[in-house]
Structure formats: C-alpha cells, structure tokens
Amino acid sequence: PLAVAWGYEHPKNPYYHRADVLDAIVRGGDALIADQDTNGQWVFRKKDGSTWGKIYMPWTYSRWIRAYQIVRSKLSAEVRERWDRAMQLGFTGIAKQLVETKTLANIPTHHAMGLFFASQVFQRADWAKVARDFMQRVVQEQHLDGYWSEHSGPVIAYGSVYLEALGIYAAAAHD
C-alpha cells in the first residue's frame, strides 16, 4: 500500500513521491532482508503466536516484488543491489519448489503469481514459464462447481486465495 500511495500521481495524493514514504518502504524491505535465513525463508508466524517452521512466505514475497516494481527506479544503487540479491534468493527457491510441486494448494498458487512479477523485474523468462505452467494447472484443477480441493474436499475459505492469485496474475500476464 505504501508503494502504491508513493507512486500514484494524483492532485489529491499527499504521498506521491514523498521521500519519507520511500524511506519507510526501504526500511520495510530491509527488515524483511534482516529476517531472511540463508535460503531466503522466514519463520511462518501465525496470529496465535504459533509457528509452522520456515517458508517462502507467499503473501510477503508477492507484495514485496510488486512494491519493488513501483519504487525500484528511484532507489539508490546500494538498496537495489541489496533488494535484488534478497529477492532473487527467495524467488530462486520459490521457482524450484513450484517445479517440484506435484499437488496444488493455495500457497504455491500465490507463489506462482509472485514469481511471474519477479520474472518481469529480473527479466527471467524461465521464471515466467514456471509461473505460467503452474497457473495453467490451477485453472485446470478448479472443480466444475467453482472450488479447488485441498486434501479431501473443497476448502471454501481458500477460494479467495486462489482467486486473488489468479486475478492478479491474469491482469499482469494476459493469459
């Protein structure tokens, strides 16, 4: 949201290209980098305080890469280098996981959407192909009644996760 507010030129937008907003965006990305492990993963922390171990958090990566698309050209070379390295580390792991994923689920679907944006930022046709191929599987696996099944039946609450990932991906990829 900060990147969109920073990048949206409109007479009534008081945040457009403000240095303090860009600084807040940089500090947010740097905090993510500081918390990454050597594989580019973070601990999956749930609202109740429990954890599920290390993960390439899809909602974090997909939003971070989209924010980066908006602000990248205005970041210092030092920040770009730091962010490039951190995001490429994570998206390399995500791409590998997607290629190896045999069963569809909401998390890898969101990963595929984020990976498509990363393929644009880093000019990686191989990542775009992985994302496109995975999203085609997602479309093909949707049940005729409109839901996706995880484990042993429909998971209605995750339908919004699938639709968000597919919608954002389709708007960007046009396929």
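Which residues in α5 meet which residues in α7? In this predicted model, N106, T109, H110, M113, F116, F117 and Q120 are the residues of α5 that take part, and their counterparts in α7 are V161, Y162, E164, A165, I168, Y169, A172 and A173. By class, this contact of α5 with α7 holds 10 nonpolar, four polar and one charged residues.

**Helix packing**

Two packed helices are described by the angle between their axes and the distance between the axes. The table sets out these values for the helix pairs treated here.

| Helix pair | Axis distance | Angle |
|---|---|---|
| α5 (residues 106-121) and α6 (residues 125-141) | within 8 Å | roughly 150° |
| α4 (residues 77-100) and α6 | within 10 Å | roughly 45° |
| α5 and α7 (residues 159-173) | 8 Å | about 20° |

For α5 and α7, whose axes are 8 Å apart at an angle of about 20°, the outcome is a roughly parallel arrangement, because angles under 35 degrees count as such. The crossing in which α5 passes α7 is left-handed.

The axes of α5 and α6 cross at roughly 150°, and these two helices are therefore roughly antiparallel to each other. Their crossing, too, is left-handed. On the α5 side the contact is made by P108, T109, A112, M113, L115, F116, A118 and S119, while α6 contributes W127, A128, V130, A131, R132, F134, M135 and V138. Divided by class, the residues of this contact of α5 with α6 comprise 13 nonpolar, two polar and one charged.

Helix α6 also packs with α4, and here the axes come within 10 Å and cross at roughly 45°, which makes α4 oblique to α6. The crossing of α4 past α6 is left-handed. The residues of α4 that meet α6 are Q88, F91, T92, A95, L98 and V99, and those that they meet in α6 are W127, V130 and F134. In this contact seven residues are nonpolar and two are polar, with no charged residues. W127, V130 and F134 of α6 thus appear in the contact with α4 and are also listed in the contact with α5. Likewise, T109, M113 and F116 of α5 are listed in the contact with α6 and meet α7 as well.

**The β hairpin**

Strand β1, which covers residues 42-45, and strand β2, which covers residues 51-55, run antiparallel and are joined by three bridges. Among the bridge partners, W42 is matched with I55 of β2, and V43 is matched with K54 of the same strand. The two strands form a hairpin with five residues between them, and in the turn G49 has a positive phi of about 95°.

**Salt bridges**

Side chains of opposite charge can pair when their charged atoms come close. The structure holds 13 salt bridges. One of them joins the side chains of R27 and D23, with an N to O distance of 3.0 Å. Both R27 and D23 belong to helix α2, residues 19-35, where they lie four residues apart, or about one turn of the helix.

Terms used:
Residues are numbered from 1 along each chain as its sequence is written. This is a predicted model: local features need pLDDT of at least 70, side-chain atom pairs count only at pLDDT 80 or more; totals for chains, interfaces and linings use all residues. Side-chain values use heavy atoms; hydrogens and water are left out. Two strands pair if DSSP finds at least two bridges between them. Axes are lines fitted to C-alpha atoms, for helices over the stretch in contact, and angles run from 0 to 180 degrees between N-to-C directions. Angles under 35 degrees count as roughly parallel, over 145 as roughly antiparallel, 65 to 115 as roughly perpendicular and the rest as oblique. A crossing is left-handed if the near helix is turned anticlockwise from the far one by less than a right angle, and right-handed if clockwise. Contact means heavy atoms within 4.5 Å. Ala, Val, Leu, Ile, Met, Phe, Trp, Tyr, Cys and Pro count as nonpolar, Asp, Glu, Lys and Arg as charged, and the others, Gly among them, as polar. A salt bridge is a side-chain nitrogen of Lys or Arg within 4 Å of a carboxyl oxygen of Asp or Glu.
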